[in-house]
Amino acid sequence: MNLRKNRGPFYSLLRGWRQARQAAFLLLLLAAMLLGLSACSAIQQAADETLPASEGGGQHNLRVIFLDVGQGASQLVIAPSGKTMLIDAGNNDKEQLMLDYLHAYGITKLDVVVGTHPDADHIGGLDKVIDQTDIGSIYLPKASSNTKTFESLLTSIKGKGLKVNTAKAGVTLDLGAGITVKMVAPVKNYEDSNDRSAVVKIGYGDTSFLLTGDAESPSEKDMLASGADLSADVLLVGHHGSKSSTSLSFLKAVHPRYAIIQVGKDNKYGHPTQTILNRLKKQGIQVYRNDLQGTIEVDSDGTKLNIQTER
Ligand SMILES: [Zn+2]
């Protein structure tokens, strides 16, 4: 009995301590919950801040569309701001197709037009696009060509009262807030027309694209030596997958997750080559091709990429 009596105050002390501990635990739990909530809202806020302000929903995305122009190349870029850029426009026989594409995507004005280099499979369709569309500015690399295709492009540019800007490494283009557009090539002048290709890097949030025209190994080497940041999630494979482009060192520097190859079915050049397909596969890069999948659209919300193909 005495013992029990004597243990009474001890037990009540212990009970008091247990209650205090429970209260402290509850307080800690509450504090942790509050901290967690504020951390969540901070993350959400940070995510919101990576996207530029926009009037309507669904306007936040950067859209990079690799138009199916058969054997040739053309990329339509629709920035989150609504500004647009067209890089190349397929061959001469794709003029009407290009106008149809622009109509289908609701494009009445191209803020920036880039002709990567004077080869017909890139600039062939540009003259009619320039004739029929409101154009902001146009960029071509320093190159002379006496082909009829190049002359008719220059005639269209002159007819619109536009002045040609020189496409070269270091040029930046304005496609509105939140997006960076920079040329990383040509680094210098080349004898070879393909190496004169304008190479454009687009950045939006954490995502990036590298659009390479027909730049071949010598240009790739100079881009690497220039120290420019070539890393990109999406690579437009140089020169339609010819083995004269996409050298291993260049591919490793770009380190893309996705590669796009703009080629026509059964083309006479044998593009894309097995060498390049194997190289891409070995690096674990997922490949998309116009000849197999039609037009390929890669959308970015600044964080994630969403790829849709025509077929
Ligand atoms: Zn080409």
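Two strands count as paired if DSSP finds at least two bridges between them. Helices (H or I, at least four residues) and strands (E, at least two) are DSSP runs, numbered from the N terminus. Residues are numbered from 1 along each chain as its sequence is written. The model is predicted: local features need pLDDT of at least 70, side-chain atom pairs count only at pLDDT 80 or more, and totals for chains, interfaces and linings use all residues.

**Whole chain**

Start with the protein chain, which has nine helices and 15 strands. Of its 311 residues, 40% count as buried, where buried means 20 or more other C-beta atoms within 10 Å of the residue's own, exposed means 12 or fewer, and partly exposed lies in between, with C-beta atoms placed from the backbone. Contacts are pairs of residues whose C-beta atoms, placed from the backbone, lie within 7 Å. Of the contacts in the protein chain with a separation of 6 or more, 67% join residues 24 or more positions apart.

**The open sheet**

Next, select the seven strands that form an open sheet, in the order β7-β8-β9-β10-β11-β12-β13, with mixed pairing. β7 (172–173) and β13 are at the edges with a single partner strand each, so each has one side without a neighbour in the sheet.

At the β7 edge, add strand β8 (residues 179–185), which pairs with β7 in the antiparallel sense over two bridges. Here T172 stands opposite K182 in β8.

Move to strand β11 (residues 234–236) and strand β12 (residues 258–261), which run parallel and are joined by three bridges. L235 is opposite A259 in β12. Between β11 and β12 the chain passes through helix α7 (residues 248–254), and this β-α-β crossover is right-handed: with the strands pointing away from the viewer, the path from the first strand over the helix to the second runs clockwise.

Continue to strand β13 (residues 286–289), which pairs with β12 in the parallel sense over four bridges. I261 stands opposite R289 in β13. Helix α8 (residues 274–282) completes a right-handed β-α-β unit with β12 and β13.

**T149 in helix α5**

Last, select T149, which lies in helix α5 (residues 148–159). Is T149 buried or partly exposed? T149 is partly exposed, because 19 other C-beta atoms lie within 10 Å. Leaving aside neighbours within four places in sequence, T149 is in contact with N92, A120, I123 and G124. To finish, select N91: N91 and T149 are 58 residues apart in sequence and 9.2 Å apart in space, C-alpha to C-alpha.

Conventions
Two residues are in contact if their C-beta atoms, placed from the backbone, lie within 7 Å.
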